[in-house]
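Welcome! Please take a moment to look over the sequence and the model before reading on.

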Amino acid sequence: MRLAILGGGGFRVPLVYGALVGDPLVDEVVLHDTSAQRLRVIASVVGAQQAVARREGHRAPAVRVTASLDEALRGADFVFSAIRVGGTEGRVRDERVPLGEGLLGQETVGAGGVLYGLRTVPVAMGIARRVKALAPDAWVINFTNPAGMVTEAMARVLGPRVIGICDSPVGLVRRAARAAGADPDAPGFGFDYVGLNHLGWLRSLTAGGRDLLPGLLADPAALATFEEGRLFGAEWLSALGSLPNEYLHYYYFRREALAAVRRSAATRGEFLHERQSAFFAAADGADGAVAYGLWQRARLEREQTYMAENRAATGGWERDPHDLDGGGYDRVALALMRAVARDEPAVLVLNVPGGGAVSLLDPQAVVEVPCEVGAFGARPLPVSAPDEHQGGLMLALKSVERAAIEAAETGSRAAALRALVRHPLVDSAAAAGRVLDAAGFSR
Ligand code: G6P
Ligand code: MN
């Protein structure tokens, strides 16, 4: 089997490659990127991973590199789309521009997420059209953020052939299970999660036929042992009655999260831009093993500093080694690929058209829900209906996504303004207009 990775020069590609080592599923990985330097560096890191793996007697897929999208797509069985349109410089602007108006800047949430989507959707849809023309039987796994909006846009071209992934729901489930004393890999373990990408809630956690979530939500000591428990705090969690995805911290603690972002010297995008530019410059031309070592260090630093502002806003705690090991999106992708390619049934939380599983949204609307996965693709499992609060936010965000897709497709400033102002974290149409001006969206 051949796997094409679009955004093959991306910083996290070695994670994906590492997950493939030792598994006979993929014979060849084709890396495609629009940046020659990034492609060169990541190919050399992956080459070093391959050499280490083979020396230790493991299978490791062959690697090919191409600057041509069409060449990457031809003959691909799976396509990972993990692009960053505008590079990390683009993320810096998406996050900085709204901050100038006192609005949250985050790559997937609030005005920042809308700006990132406006730039990314046309490119993602262009890729979807090339896949449809050149590899109509391939499965596309979308990693590109904002993943919900981008998957919704690509699904208009590819239908159920595109599946969006994120590691935050499975991370939440596993961390919560551990805190409740359950083994998420044991038979009989189950859970109920519903939402859109970066906007979801875990509503039950069953083991041995019993729902462990009410007990966990009423146990401050257990809540203090994992990321989401610490972020949201025992009082709010027991009042809410569910465990929110970590990105809901920007909604439930918007003033504290925003204040922490404004206080920190660099935004997340600025930090990553600086660190990754330094990594790519230092690794370019270096020996593969040296580049691999530099990458490992930069990767650890990235994980340790993840959501640092949100943690600063809630007491400034460090991430737990368990939190760094929530399952990883590379492993979600591999589990999905394995289930589809080998028709080995699995249940994974994925972003797919809901097909009626969430009845308050139309069947085409992409939702993030537990899915049954097999050779047929991913099919949403029945979930209990979102409550009024969950449903209200899901509808609001779906209308944001759809207005942003309309704006991205047509260039309509009015649609872009609707996307921004419909967002619950944007409090002024006047400020939203200025954000569009500052972002250069003038059509
Ligand atoms: C989580 C999110 C992803 C995000 C990643 C890295 O895994 O679910 O959507 O891309 O973190 O975030 P960062 O801020 O480090 O780029
Ligand atoms: Mn995500």
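The report below starts with the whole chain and then turns to the annotated residues and the ligand.

## The chain as a whole

Keep in mind from the start that this is a predicted model. The chain contains 20 helices and 13 strands. Along the principal axes, its C-alpha atoms occupy a box of roughly 55 × 55 × 40 Å. The radius of gyration is 21 Å, which agrees with the value near 22 Å that a compact globule of 443 residues would have.

Of the 443 residues in the chain, 47% are buried. Among contacts with a separation of 6 or more, 68% link residues that are 24 or more positions apart.

## The active-site annotation

Which residues does UniProt mark as "active site"? The unreviewed entry gives this annotation to Asp-167 and Tyr-247. They are spread over 81 residues of sequence, yet they cluster in space, with a largest C-alpha distance of 12.0 Å.

Start with Asp-167, which sits in the loop between β6 (162-164) and α7 (168-179). Asp-167 counts as partly exposed because 18 other C-beta atoms lie within 10 Å, short of the 20 that a buried residue needs. Tyr-247 belongs to the loop between β10 (243-244) and α12 (249-252). Tyr-247 has 21 C-beta neighbours inside 10 Å, so this residue counts as buried. Beyond its neighbours within four places in sequence, Tyr-247 makes contact with Thr-108, Val-109, Ser-168, His-198 and Leu-199.

## The binding-site annotation

Next comes the "binding site" annotation, for which the unreviewed UniProt entry lists Cys-166 and His-198. This pair also clusters in space: although spread over 33 residues of sequence, the largest C-alpha distance is 8.4 Å.

Cys-166 is placed in the loop between β6 and α7. Cys-166 is buried, since 25 other C-beta atoms are found within 10 Å. Not counting residues up to four places away in sequence, Cys-166 touches Ala-147, Asn-197, Tyr-329, Asn-351 and Glu-368.

His-198 is in the loop between β7 (190-196) and β8 (199-207). With 24 C-beta neighbours inside 10 Å, His-198 is buried. Leaving aside neighbours within four places in sequence, the contacts of His-198 are Thr-108, Val-109, Ser-168, Asn-245 and Tyr-247. The last of these, Tyr-247, is one of the residues with the "active site" annotation.

## Around ligand 1

What surrounds ligand 1? The residues around it are Asn-145, Cys-166, Asp-167, Ser-168, Arg-268, Leu-272, Arg-302, Tyr-306 and Tyr-329. Cys-166 carries the "binding site" annotation, while Asp-167 carries the "active site" one. Tyr-329, also around ligand 1, is among the residues that Cys-166 touches.

By kind, the shell around ligand 1 divides into four nonpolar, two polar and three charged residues.

## A look at Gln-106

One more residue rounds off the tour. Gln-106 is located in the loop between α4 (87-99) and α5 (110-134). Is Gln-106 buried or exposed? Gln-106 is buried, because 29 other C-beta atoms lie within 10 Å.

Apart from its neighbours within four places in sequence, Gln-106 is in contact with Glu-95, Gly-112, Gly-113 and Tyr-250. Trp-295 lies 189 residues from Gln-106 along the chain, and the C-alpha atoms of the two are separated by 24 Å.

Technical notes
Residues numbered from 1 in each chain as written. Chains lettered and ligands numbered in written order. Predicted model: local features only at pLDDT ≥ 70, side-chain atom pairs only at ≥ 80, totals over all residues. Helix = DSSP H or I, 4+ residues; strand = E, 2+ residues; numbered from the N terminus. Rg over C-alpha atoms; globule rule 2.2 N^0.38 Å. Buried ≥ 20, exposed ≤ 12 C-beta atoms within 10 Å, placed from the backbone. Contact = placed C-beta atoms within 7 Å. UniProt positions renumbered as here; feature names shortened; annotations may be inferred. Near = placed C-beta within 6 Å. Nonpolar A, V, L, I, M, F, W, Y, C, P; charged D, E, K, R; others polar.
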